[in-house]
Amino acid sequence: MLKIKNLTKTYNKIDVLKDINIDLKSNESIAIVGESGSGKSTLAKLILKLEKPTKGKIVLDEKKVSIVFQDYRSSVNPIFTIKQILDESFWETSQTILNAQLEIYLKKLELDNSILEKFPHELSGGQIQRVCILRSLLSNPSFLILDEALSALDISTKVNIISLLQELKDKKGLTYFLITHDLEVATALCENIKVLYKGRIVESLKTNNLKHIKHPYTKELLDSIVLLKD
Ligand SMILES: Nc1ncnc2c1ncn2[C@@H]1O[C@H](COP(=O)(O)OP(=O)(O)OP(=O)(O)O)[C@@H](O)[C@H]1O
C-alpha cells in the first residue's frame, strides 16, 4: 500500500530525513514516533507530494487520502462557519449520507450541533482539532494521515476518539499513518511502529511485540507510559 525506498530529504544542506525505508501492507496501520524536529511532519508532506524527495522514492497505492494537520488552527478558514468548513468534505458521497454521517460523528466526537453555526475563533483548540478530524472522516478516506491530531484533547476525549478510530479501522478498513510522540496512542491504533530519531528510523517494531526495544529513546518513551499508569 505504501512503499518508501531510500528516502532522503535535505533542507539547507541538512538531512532532515535520511535513508528512510517503509513497506506498509494493506490493512496495516503505522505510527511514526519521534521527538520534536525528528522529521515526522516532513515525511507526511513528502507522502502527500507537497514536498519532493531529495533522493529516493515514495509510492502510495491509495487514492482516497486525507490528512489532519498538526497546525489545526491554520487549516480552517477563519471566515467560514464550521458547517461551511465541513462542506469542503464532498468527494463522492451524497448529501443525505453525509448528513447522516455528520450526526453520528458529531456525537462520537463529543461535539454539539450548535458548533455548526459558529466560526473557528469561537471554538476551543480541542474543538477545532475535532472539527478537523470530522472533516477528514466525512471525506470517507481509505488512508488517513493523522499528524499529532489528538494533541489538544483531554484524556477522556482522546480515549473516546481512539475508540472511534479503531471502530473505523475494523469496520471500514481505514488505514492510519499516525504521527505522534505518544507511544500509547501509537500502540492503541497501529500494528507497526517506526521510531524516528534525528531523521533516521532507529527502530521498527510490531505493537504486539514491544519486548525487543533496543534504542534508548524508545525505552524512554515506553518508561514514560509506565510512569503515567503508575
Ligand atoms: N520547508 C522547510 N525548510 C527548511 N527546513 C525545514 C522545512 N520544513 C521542516 N524543516 C526542518 O526540518 C526539521 C524537521 O521538521 P519536522 O516539522 O518534520 O519535525 P517534526 O518531527 O514533525 O517536529 P514536531 O514534532 O515539532 O512537529 C526541523 O529542523 C525543521 O526546522
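**A walk through the sheet and the ligand shell**

Strand E3 (residues 30–34) and strand E8 (residues 192–197) run parallel and are joined by five bridges. This is a predicted model, and the pairing of these two strands is a convenient place to enter it. Within the pair, Val33 of E3 stands opposite Val195 in E8. E3 also has a partner in E7, with which it pairs in the parallel sense over four bridges. There, Ile32 stands opposite Ile179 of E7.

How many of the five residues of E3 are buried? Five of the five are, and the strand is mostly covered. The cover is on both faces: Ile30, Ile32 and Gly34 are buried on one side, and Ala31 and Val33 are buried on the other.

Now step back to the sheet as a whole. Six strands make up an open sheet, and their order is E5-E6-E7-E3-E8-E9. The pairing in this sheet is mixed. E5 and strand E9 (200–206) are at the edges; each has a single partner strand, so one side of each lacks a neighbour in the sheet. From one strand to the next, the twist averages 15°.

Strand E6 (residues 143–147) is next to the edge strand E5 in the sheet order. Strand E5 (residues 65–68) and E6 run parallel and are joined by four bridges. Two of the partnerships can be named: Val65 has Phe143 of E6 as its bridge partner, and Val68 has Leu146 of E6. Leu146 also has a bridge partner in E7, namely Leu178. E6 and strand E7 (residues 175–180) pair in the parallel sense over five bridges. To get from E6 to E7, the chain crosses through helix H5 (residues 155–172), and this β-α-β crossover is right-handed.

Why is E6 described as largely enclosed by the rest of the structure? The reason is that five of its five residues are buried. Both faces are covered, with Phe143, Ile145 and Asp147 buried on one side and Leu144 and Leu146 buried on the other.

The loop between helix H4 (125–138) and E6 contains Pro141. Pro141 has 22 other C-beta atoms within 10 Å. A residue counts as buried when that number is 20 or more, so Pro141 is buried. Pro141 and Leu174 are 33 residues apart along the chain, yet their C-alpha atoms are separated by 7.1 Å.

The last stop is the ligand. Which residues are around it? They are Tyr11, Asn12, Val16, Gly34, Ser36, Gly37, Ser38, Gly39, Lys40, Ser41, Thr42 and Gln70. By type, this shell divides into two nonpolar, nine polar and one charged. Gly34 appears in the shell and is also one of the buried residues of E3. The element that gives the most to the shell is helix H1 (residues 40–47), with three residues.

H1 has buried residues of its own: Lys40, Leu43, Ala44, Leu46 and Ile47. These cover an arc of only 160° around the axis, which puts them on the same side of H1. An α-helix has 3.6 residues a turn, so residues three or four places apart point the same way. Lys40 is both a buried residue of H1 and a member of the shell around the ligand. Just after H1, Lys49 takes a positive phi of about 65°.

Technical notes
Residues are numbered from 1 along each chain as its sequence is written. This is a predicted model: local features need pLDDT of at least 70, side-chain atom pairs count only at pLDDT 80 or more; totals for chains, interfaces and linings use all residues. A residue is near a molecule or strand if its C-beta atom, placed from the backbone, lies within 6 Å of it. Ala, Val, Leu, Ile, Met, Phe, Trp, Tyr, Cys and Pro count as nonpolar, Asp, Glu, Lys and Arg as charged, and the others, Gly among them, as polar. A residue is buried if 20 or more other C-beta atoms lie within 10 Å of its own, exposed if 12 or fewer, and partly exposed in between; C-beta atoms are placed from the backbone. Two strands pair if DSSP finds at least two bridges between them. A crossover is right-handed if, with the strands pointing away from the viewer, the path from the first strand over the helix to the second runs clockwise. The arc is that of the directions from the helix axis to the C-beta atoms. Axes are lines fitted to C-alpha atoms, for helices over the stretch in contact, and angles run from 0 to 180 degrees between N-to-C directions.
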